[in-house]
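Hi,

Here is the model we talked about. Please open it first, then read my notes below.

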Protein chains: 2
Amino acid sequence: MIRRLSQARERGIPEATVARLPLYLRALNGMSERGLATVSSEDLAVAAGVNSAKLRKDLSHLGSYGTRGVGYDVEYLIYQISRELGLTQDWAIAIIGVGNLGRALANYGGFVSRGFRVAALLDADPAVVGDRIAGLNVEHIDELEAVIRRRGVSIVVLATPAAAAQQVADRVIAAGITSILNFAPVVLSVPEGVDIRKVDLSIELQILAFHEQRKTDRMTGGAAMAEEWPEAVDL
Amino acid sequence: MIRRLSQARERGIPEATVARLPLYLRALNGMSERGLATVSSEDLAVAAGVNSAKLRKDLSHLGSYGTRGVGYDVEYLIYQISRELGLTQDWAIAIIGVGNLGRALANYGGFVSRGFRVAALLDADPAVVGDRIAGLNVEHIDELEAVIRRRGVSIVVLATPAAAAQQVADRVIAAGITSILNFAPVVLSVPEGVDIRKVDLSIELQILAFHEQRKTDRMTGGAAMAEEWPEAVDL
DNA sequence: GCCACTTTGTGCATCGGTTCACAAAGGTAC
DNA sequence: GTACCTTTGTGAACCGATGCACAAAGTGGC
């Protein structure tokens with residue numbers, strides 16, 4: 001294996017980098033719209049809310065696309081990041097569970113941005129099956145496997161109630177899906193090779209509450225803690 | 001400073017641990033409902049989808065609440081984690097932006113779970129101001145400061161269009177809010193001391209797409225890459 | 001064609017987080 | 001009270017990610 005691309009890129013962009021690429025892409029799109037031709041790591045980093053050394057290291061994992069003394073070509077970098085993320089192809093997604101959240105997701109514009117297309121809506125409730133939402137017919141979950149095959153769905157968004165999520169996930173995976181975005185507040189157990197991303201509103205709020213509490217504790221002196229912890233004053 | 005609580009706990013639970021506490025809490029609540037009195041780190045870890053050593057280390061940051069040879073008392077641990085996260089108090093949250101997403105969030109049941117209460121809905125669009133959603137009147141954004149004060153809001157959920165988000169965030173922060181959950185696809189710039197959590201559906205999808213692409217690349221041999229990279233065959 | 005200036009790409013030190021593996025601590029049986 | 005069993009709590013090695021700081025590489029002026 002003499003083949004070594006400029007430095008990295010043979011299997012393995014750090015996960016942390018992958019998570020930031022969409023951020024860079026968004027910032028770059030804004031710059032492209034404003035007509036900028038090139039951008040320095042410093043400017044792009046500020047726009048994406050990260051530090052410029054980190055940005056350069058992230059980009060270096062894709063290859064060497066900058067020009068020293070100048071910066072990065074905006075359009076070229078957009079193309080490279082898009083391709084790396086797989087956004088040059090069209091991804092058909094299915095939303096399962098058409099409650100409040102599923103409905104909102106189906107209608108959410110930013111969802112479809114660049115590369116993604118909601119190709120199917122499914123639900124188990126006969127009362128909503130047949131409804132027309134965001135230009136799509138809601139289909140019955142019994143059709144799951146057929147719909148996935150027919151529409152070429154490769155990413156599934158789970159917006160079912162918590163109680164149904166694991167069961168639906170199992171079926172979806174059995175149907176060959178290996179990428180799931182889960183909104184249901186449960187820990188899904190899935191086989192090796194299946195990627196799950198979780199979005200959990202309640203957890204996010206709890207994390208905020210933790211920090212908010214710390215902040216207000218600090219303001220009120222923090223002395224109250226001792227009262228709550230008589231037995232913890234040890235040694 | 002002779003005061004050293006059992007080991008940790010004086011300013012500083014690792015951020016990664018804080019992010020997992022809600023997970024443990026949820027698993028514990030399930031166990032409590034099923035009537036379990038105690039649970040071992042191993043069982044709880046499985047339920048929360050983490051490794052047991054990590055779970056024990058996480059819990060050790062709160063104090064020493066387990067009993068060797070036995071495990072953890074479910075109810076006691078629920079109480080301790082709840083208190084640590086600040087869920088023993090009631091948090092009033094305001095949702096700003098009552099589009100598809102804001103509406104879904106307002107109606108989303110899991111949102112209100114334990115400790116959180118949607119106390120206000122605000123929007124800039126006169127067409128929706130006055131609507132009644134999830135038992136609340138939608139108020140005009142001009143009322144922002146008054147509503148925050150009057151209802152004791154301490155956490156704000158931003159569900160506005162991207163273009164408005166920074167401006168609204170600035171106002172919210174000026175009104176004294178220091179905890180924001182942001183659904184708008186923008187990088188908010190905020191002063192020191194303000195906590196932002198970001199939920200970005202589009203980014204999650206892009207990360208999934210990246211991995212999905214890798215998986216299918218691998219299946220098709222990955223040879224196609226060379227064609228796309230004529231100039232990258234270097235040295 | 002050379003010099004001064006800019007900005008990338010990266011080696012290296014550092015840090016936070018994860019995992020292993022085991023000693024310490026408690027329970028139970030006899 | 002002792003011996004054995006279980007499970008916690010944590011020291012220490014490891015791993016990935018971050019950020020500094022600088023050499024390398026390019027541009028533009030003259």
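**Axis and symmetry**

Of the residues of chain B, B:Ala104 comes closest to the rotation axis, with its C-alpha at 3.1 Å. Please keep in mind that this is a predicted model. A turn of 180 degrees, with a shift of 0.0 Å along the axis, lays chain B on chain A. The RMSD of that fit is 0.0 Å. The two copies are thus related as by a two-fold rotation axis.

**Chain A against chain B**

The protein contact takes 77 residues from chain A and 78 residues from chain B. Of the interface residues of chain B, 99% are also interface residues in chain A, so the copies meet through the same surface. The two chains bury about 7300 Å² between them. Carbon and sulfur atoms carry 59% of that area.

There are 8 salt bridges between chain B and chain A. One salt bridge joins the side chains of A:Asp200 and B:Arg26, at 2.7 Å from N to O. Polar contacts between the chains come to 26 residue pairs, with both residues at pLDDT 80 or more. On chain B, helix 9 (residues 201-219) gives the largest share of the side that touches chain A, with 16 residues. By type, that side of chain B divides into 41 nonpolar, 18 polar and 19 charged residues.

**DNA strand D**

What surrounds DNA strand D? There are 28 residues around the strand, and A:Lys57, A:Arg68, B:Ser41, B:Arg56 and B:Tyr72 come nearest. Of the strand D atoms that come within 4 Å of the protein, 67% belong to sugar and phosphate.

Chain B makes these side-chain approaches, among others:

- B:Arg56 has a side-chain N or O atom 2.8 Å from a base nitrogen of strand D.
- B:Arg68 places a polar side-chain atom 3.0 Å from a base oxygen of strand D.
- B:Ser64 has a side-chain N or O atom 2.9 Å from a phosphate oxygen of strand D.

Both chains contribute elements here. Helix 1 (15-33) and helix 3 (52-60) of chain A each supply at least two residues of the surface near strand D. So do helix 3 (52-60), strand 2 (66-67) and strand 3 (71-73) of chain B. Helix 3 of chain A gives the most, with 4 residues. The surface near strand D divides into 7 nonpolar, 12 polar and 9 charged residues.

**DNA strand C**

Now the other strand. DNA strand C is surrounded by 27 residues, and the closest are A:Ser41, A:Arg56, A:Tyr72, B:Arg20 and B:Arg68. Sugar and phosphate make up 66% of the strand C atoms that come within 4 Å of the protein.

Side chains from both protein chains approach strand C, including these:

- A:Ser64 has a polar side-chain atom 2.9 Å from a phosphate oxygen of strand C.
- A:Arg68 has a side-chain N or O atom 3.0 Å from a sugar or linking oxygen of strand C.
- B:Lys54 has a side-chain N or O atom 3.4 Å from a phosphate oxygen of strand C.

On chain A, helix 3, strand 2 (66-67) and strand 3 (71-73) each give two or more residues to the surface near strand C. On chain B, helix 1 (15-33) and helix 3 do so. Which element gives the largest share of the surface near strand C? Helix 3 of chain B does, with 4 residues. That surface divides into 7 nonpolar, 11 polar and 9 charged residues.

Best wishes

Notes
Residues numbered from 1 in each chain as written. Chains lettered and ligands numbered in written order. Predicted model: local features only at pLDDT ≥ 70, side-chain atom pairs only at ≥ 80, totals over all residues. Heavy atoms only, no water. Contact = heavy atoms within 4.5 Å. Buried area = accessible area lost by both parts, 1.4 Å probe. Salt bridge = Lys/Arg side-chain N within 4 Å of Asp/Glu carboxyl O. Polar contact = N/O pair within 3.5 Å; in protein donor to acceptor, adjacent residues only side chain to side chain. Nonpolar A, V, L, I, M, F, W, Y, C, P; charged D, E, K, R; others polar. Near = heavy atom within 4 Å. Least-squares fit on C-alpha atoms with pLDDT ≥ 70 in both.
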